[in-house]
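Let's take a friendly walk through a protein model, starting inside and working outwards. Have the sequence and the 3D view ready as you read.

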Amino acid sequence: MTLADILAPSPEVADALAAGRPVVALESTIVSHGLPWPGNLETAQAIEATVRAGGAVPATIAVLDGRLRIGLEADDLARLARADGVMKLSRADLAFAVATGRPGATTVAATMIAARLAGIRVFATGGIGGVHRGAEASFDISADLQELARSEVAVVSAGAKAILDLPKTLEVLETLGVPVVGWKTDDFPAFWSRRSGLPAPLRIDDAPALARFMAARRALGLGGGLLVANPVPPADEIDADEMAGHIAAAQAEAERAGIRAKAVTPFLLARILESTGGRSLATNRALVLNNAAVAAEIAVALAAEA
């Protein structure tokens, strides 16, 4: 088995990459694990439309029929949105899904791997994983952080998920040498909220400047990716103090229920959705669309630099 047997770009994505046109990678866990039908499909379609409106080609990534698909046709996106038993893939189990033919949706880490293999340099998501609260005892740290240090991809997100230990997440990123760039902000965003109370280590205000930064990193042989921390639009944010209360209550419930490992994040997000009366989901959708727009802008700038 070779990479050519596994990697399957769609004709549109393959043509765009061959011509040097801008392409934006998109993860697929929002389709299979993030939202119920039919909202998951509608949101995925809206994200792709946002990338197109920004002048780039969307490449939603997933494992289907034993192949790593780089860009999904409309019927395959709908198929993934309605499928049961879809694996949630990270670095550890990406190859397993390919080898066994199991359908799989890619997390941030797996999408970065796929984007790097395909030659896509920009990826839009909601929020990255990171260091979970209590990690000093549980050692629960997302593979997303190590992948940011490995794969040369710019990840546009609204910071890290606010349910995490954000100070420790930033410390680990610094240790790994991953640049964290505030997009038009000096404050590190906290997913649903524009500010976490933590400073963004770096700041860039436009896509050409970010493209030059990425070019300088490549010229210096530094390797690895970078995190573009893009705050949710002001009209869509939920105040950080309010969110802190919702998060604390959800985490206390998770502790009482003995929720651990991969089950923690979906449990917390479900409880927060309930306690915010659905507002957290609306904010999540708004920030993902905002990230897709910024990622398209960066992809266009990178194509112009090439």
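A good place to begin is V24. Leaving aside its neighbours within four places in sequence, this valine is in contact with V51, A56, V57, P58, A59, I120, V122, A124, A295, A296 and A299. Keep in mind as you look that the model is predicted.

What sort of surroundings does V24 belong to? V24 is part of the largest nonpolar core, which has 103 residues, and it is listed with L68, I70, I128, L210 and I298 as the members that touch the most others. Helix α14, residues 279–305, provides the largest share of this core, with 11 residues. Remember α14, for this helix will come up again.

Next, turn to helix α7, which spans residues 108–118. Nine of its 11 residues are buried, so the helix is largely enclosed by the rest of the structure. The buried ones are V108, A109, A110, T111, M112, I113, A114, A115 and A118. Just after the helix comes G119, whose phi is positive, near 90°.

Let's pick out one residue of this helix, T111. Is T111 buried or exposed? Buried means under 20% relative accessible area. T111 has a relative accessible area of 0%, so it counts as buried. Not counting residues up to four places away in sequence, T111 touches A25, L26, E27, I61, T106 and F123.

From a helix we move to a strand, β11, made of residues 226–229. Which of its residues are buried on each side? On one side L226 and V228 are buried, and on the other L227 and A229 are, so that both faces of the strand are covered. This two-sided pattern goes with a general feature: in a regular strand the side chains alternate between the two faces of the sheet. Strand β11 also has partners. Strand β8, residues 154–157, runs parallel to β11 and is joined to it by four bridges, with A154 standing opposite L226. Strand β9, residues 180–183, is parallel to β11 too, and three bridges join the two; here G182 stands opposite A229.

Now for the spaces in the model. The largest pocket holds about 1,200 Å³ of space. It is lined by 44 residues, and T29, K88, K161, T265 and L269 are the closest to its centre. The elements that give two or more residues to this lining are α3 (29–34), β5 (87–89), α9 (143–150), α13 and α14. Here α14 returns, giving the most to the lining of the largest pocket, with six residues. By class, that lining has 19 nonpolar, 16 polar and nine charged residues.

The second largest pocket has about 300 Å³ of space. Among the 14 residues that line it, R133, S138, E255, I259 and V264 are the closest to its centre. Both α12 and α13 supply at least two residues of this lining, and the largest share, three residues, comes from α12. Sorted by class, the lining of the second largest pocket has six nonpolar, four polar and four charged residues.

There is also a cavity to find. By the rule used here, one cavity of 30 Å³ or more is counted, and its space is about 90 Å³. Lining it are L26, E27, I30, V31, A44, I47, E48, T60, A124, T125, G126 and V288. Helices α3 and α4 (39–53) are the elements that give two or more residues to this lining, and α4 contributes the largest share, three residues. The cavity's lining divides into seven nonpolar, three polar and two charged residues. You have met some of these names already: L26 and E27 are touched by T111, and A124 is in contact with V24.

Our last stop is K262, which is found in the loop between α12 (240–257) and α13 (264–275). Is this lysine buried or exposed? Exposed means over 50% relative accessible area, and at 57% relative accessibility K262 therefore counts as exposed. Leaving out residues up to four places away in sequence, K262 touches K88 and D93. K88 is one of the residues closest to the centre of the largest pocket. Finally, compare K262 with D140: the two are 122 residues apart in sequence and 9.2 Å apart in space, C-alpha to C-alpha.

Terms used: Residues are numbered from 1 along each chain as its sequence is written. This is a predicted model: local features need pLDDT of at least 70, side-chain atom pairs count only at pLDDT 80 or more; totals for chains, interfaces and linings use all residues. Side-chain values use heavy atoms; hydrogens and water are left out. Buried means under 20% relative accessible area, exposed over 50%, partly exposed in between (1.4 Å probe, protein chains only). Two strands pair if DSSP finds at least two bridges between them. Contact means heavy atoms within 4.5 Å. A nonpolar core is a set of buried Ala, Val, Leu, Ile, Met, Phe, Trp, Tyr and Cys residues joined through side-chain atoms within 4.5 Å. On a 1 Å grid over the protein atoms alone, a cavity is a set of points where a 1.4 Å probe fits but cannot get out, and a pocket is an open set with protein on both sides within 12 Å along at least five of seven lines; lining residues have an atom within 4 Å of a point. Grid points are joined across faces, edges and corners, and a volume is the space filled by probe spheres set on the points. Ala, Val, Leu, Ile, Met, Phe, Trp, Tyr, Cys and Pro count as nonpolar, Asp, Glu, Lys and Arg as charged, and the others, Gly among them, as polar.
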